[in-house]
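User: Please take a close look at one part of this model, the metal site and the ligand beside it, and then describe the elements that can be related to it. A connected account would be preferred.

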Amino acid sequence: MRILGIDTSCDDTAASVVEDGTKIISNIVSSQAEIHEKYGGIVPELASRRHIEMIWPVVDEAMNKARTDFKDISAIAVCHGPGLIGSLLVGVCFAKALSYVNGIALVAVNHLEGHIFSRFLEEPEPEFPFLALIASGGHTSIYRVDGFGMYVELGRTRDDAAGEAYDKVAKLLGFGYPGGPIIDSLAQSGNPAAINFPRPYLPKTFDFSFSGLKTAVLSYVRKKGDSSGVNGNEVSDIAASFQSAVIDVLTEKAITAAKKEGLKEVVLAGGVCANSALREVIVRRAGQEGIKIYLPSPQLCTDNAAMIAAAGFYHFKQGKLAGLDLNPRAYLPLGSAHG
Ligand code: KG4
Ligand code: ZN
């Protein structure tokens, strides 16, 4: 059973054909990074305009690469939120038109649900129940996942998402967007213990807060005048020390939550989970607790439509179809909140 997935929730135009919810036949992502780079972050109006230009070519390429005709597609799975409303609108309108014209079923997928299901595109698949840590540019949350459609939010960020902190720190150090991969590679030549940036653990909750950490980096750089007053080695040390604080918090929260919930498996998802140091640290730390970590490949951590098609497969199997009255939602919580 082939599902066409579409995601335009943020700054990537993505389309993918996935078989039986697990096998990627094609996976096309058109990045807008070069458009937003000079602004140090995403400009929503520019993002939606670019989606309009790219949606048809990207879907076309995904179908061609998969050598698939629309008559072989069982359902179109589209991300309808959360995300930038103008960006989401492009994907949702396009998917509705494709569904109507070709008489193909439509299913609506929450972007965060998609991220959780990205690990089902690779072997071995995680087993329910598990804990999911989603750390991306727009979200940082921990979920208990008991099965398809059964999500309990255990914690979330109260201010910046982890990826947003990476992007802002890269910007204040004078680098472009997205900042995550830049800090990741700078940190490899830096000393993570050079500067003791705060670790915002927020006791008695699995919520996160990264804005204070970002401000601590800003104050540190300001003391030097500005980023031009920081020499090359020190930039690497700042990057490594900032990153170390983020990783410590993400790792400790995820492991503590898994232990409290009695879960032996933790699935990572979202762009920040492509981070090389986080991947190493969390696997090591979880190993000490007898917890198994499932890491999607880096290209499946960042936004893609294969994950939307994977989650869409389960919606379709359960008969959860969307109608042509489907509307995008900028704010779209996943599952129920804890306690
Ligand atoms: O999941 P994603 O592609 O989009 C959202 O749903 O937000 O995540 C994008 C975020 C950006 O903030 C980017 O800087 C961050 O993920 N990111 C990384 C890395 N690669 C991407 N952060 C840390 N290390 C990386 N290697
Ligand atoms: Zn995402």
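Analyst: In this predicted model, ligand 1 is surrounded by 21 residues, of which Gly 137, Asp 167, Gly 180, Asp 184 and Asp 303 come nearest. Several polar contacts can be described individually. A polar backbone atom of Gly 180 lies 2.9 Å from an oxygen atom of ligand 1. A nitrogen atom of ligand 1 is 3.0 Å from a polar side-chain atom of Asn 275. The side chain of His 111 places an N or O atom 3.3 Å from an oxygen atom of ligand 1.

His 111 and Asp 303 also lead to the metal. The zinc ion (ligand 2) is coordinated by His 111 through NE2, His 115 through NE2 and Asp 303 through OD, at 2.0 to 2.1 Å. Asp 303 is thus named both among the residues that come nearest to ligand 1 and among those that coordinate the zinc ion. Along the sequence, the donor residues follow the spacing H-x3-H-x187-D.

The two histidines belong to one element: His 111 and His 115 lie in helix H4 (residues 111–117), four residues apart, or about one turn of the helix. In an α-helix there are 3.6 residues a turn, so residues three or four places apart point the same way. Both His 111 and His 115 are buried.

The geometry of the site is irregular, with angles of 96 to 136° among the four donor atoms of the zinc ion (ligand 2). Four donors count as tetrahedral only if all angles lie between 85 and 135 degrees, so the upper value of 136° excludes that class.

Before H4 in the sequence comes helix H3, residues 85–102. Its 18 residues should span 26 Å at 1.5 Å a residue, and the end C-alpha atoms are 26 Å apart, so the two values agree. Buried residues of H3 include Leu 88, Val 92, Phe 94, Lys 96 and Leu 98. Strand S1 (2–7), helix H2 (44–65), strand S4 (73–81) and strand S5 (105–110) are among the elements that cover the buried residues of H3. Just after H3, Gly 103 adopts a positive phi of about 65°.

Lys 96 of H3 is also touched by Asn 327, which contacts His 80 as well. Asn 327 is located in the loop between helix H11 (306–317) and strand S11 (336–337). Asn 327 counts as exposed because its relative accessibility is 52%, whereas Lys 96 is buried. The C-alpha atom of Asn 327 is separated by 35 Å from that of Val 246, 81 residues away along the chain.

Technical notes: Residues are numbered from 1 along each chain as its sequence is written. Chains are lettered from A and ligands numbered from 1 in the order in which they are written. This is a predicted model: local features need pLDDT of at least 70, side-chain atom pairs count only at pLDDT 80 or more; totals for chains, interfaces and linings use all residues. Side-chain values use heavy atoms; hydrogens and water are left out. Buried means under 20% relative accessible area, exposed over 50%, partly exposed in between (1.4 Å probe, protein chains only). Contact means heavy atoms within 4.5 Å. The expected span of a helix is 1.5 Å times one less than its number of residues. Donors are N, O and S atoms within 2.8 Å of the metal (3.2 Å for Na, K and Ca); water is not among the atoms, so sites may look incomplete. Four donors count as tetrahedral if all angles lie between 85 and 135 degrees; four count as square planar and six as octahedral if opposite donors are over 155 degrees apart and all others between 65 and 115; anything else is irregular. A residue is near a molecule or strand if one of its heavy atoms lies within 4 Å of it. A polar contact is a pair of N or O atoms within 3.5 Å; within protein, one must be able to donate a hydrogen and the other to accept it, and residues adjacent in sequence count only if both atoms are side-chain atoms.
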